[in-house]
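Please open the model in a viewer and keep the selection tool at hand. The tour below proceeds from one selection to the next.

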Amino acid sequence: MVWDGPGYVITLSIVSELLALLTVGLVAVWGEVVPRWVPGLGGRRIPVLAAVVPAAIGATICTVLWPYAFLMLVLGRKLNGDLGVMQFSDGQAVVFWVTYLPLVLWGPLVWICTVHYWRRRTSARRSAPAPADPAAAV
């Protein structure tokens, strides 16, 4: 089964990297227009909501999940609330907290990128000049 041993770690790593790459799309040009080399879609503008809705959902999940997970760890519990103390040596504990604690900031930072993406994409539409009305010229 994929959720046992190395399969779980590999799957988690791939999914995490793909989601991080999608987050980069909120600040990169290819997050607004599909790159030309993508067959069938290249050069098309990405609808604003197609990026904002998944990003907002992901940001919300991360904003709730990571602080909750760390709180459970500090309380000596698993995510489901059962007792399950992780055993760390002092050095391992320092490495763990230094490397994983920044995850608490991931959700709020993705929210900031999402709001900026929304504002940038929608303000560009509002500030674009309206097409001339041919009927008004007559």
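Is Cys113 buried, partly exposed or exposed? Select Cys113: it counts as partly exposed, because its relative accessibility is 22%, where buried means under 20% relative accessible area, exposed means over 50%, and partly exposed lies in between (1.4 Å probe, protein chains only).

Before continuing, please note that this is a predicted model, in which local features need pLDDT of at least 70 and side-chain atom pairs count only at pLDDT 80 or more, while totals for chains, interfaces and linings use all residues. Residues are numbered from 1 along each chain as its sequence is written, and side-chain values use heavy atoms, with hydrogens and water left out.

Select Cys62 next. Cys62 is buried, as its relative accessible area is 17%. The structure holds zero disulfides, a disulfide being a pair of cysteine sulfur atoms within 2.5 Å.

Now display helix H2, which spans residues 48-74; helices are DSSP runs (H or I, at least four residues), numbered from the N terminus. Tyr68 lies in this helix H2 and is partly exposed, because its relative accessibility is 36%.

Extend the selection to Leu49, Val53, Ile57, Ile61, Leu65, Tyr68, Leu79 and Trp118, which make a nonpolar surface patch of about 730 Å². Helix H2 provides the largest share of this patch, six residues. Such a patch consists of residues with over 30% relative accessible area and no salt bridge, with nonpolar side chains (Val, Leu, Ile, Met, Phe, Trp, Tyr) joined within 5 Å. A salt bridge is a side-chain nitrogen of Lys or Arg within 4 Å of a carboxyl oxygen of Asp or Glu. Accessible areas come from the Shrake-Rupley method with a 1.4 Å probe.

Turn next to the aromatic rings. Rings of Phe, Tyr and Trp (its six-membered ring) pair if their centres lie within 6.5 Å; planes under 30 degrees apart count as stacked, over 60 as edge-to-face and the rest as tilted. By this rule there are five aromatic pairs. Select Phe70 and Trp97, a tilted pair with 5.5 Å centre to centre and 40 degrees between the planes. Phe70 belongs to helix H2 and Trp97 to helix H3 (residues 90-100), so the pair ties together parts that are 27 residues apart in sequence.

Add Phe96: its ring centre is 5.2 Å from that of Trp97 and the planes stand at 85 degrees, so this pair is edge-to-face. Finally, select Trp66, Phe70, Phe96, Trp97 and Tyr100 together, since ring pairs link them into a cluster.

Methods:
Patches are made of residues with over 30% relative accessible area and no salt bridge: like charges are joined within 9 Å, nonpolar side chains (Val, Leu, Ile, Met, Phe, Trp, Tyr) within 5 Å. Helices (H or I, at least four residues) and strands (E, at least two) are DSSP runs, numbered from the N terminus.
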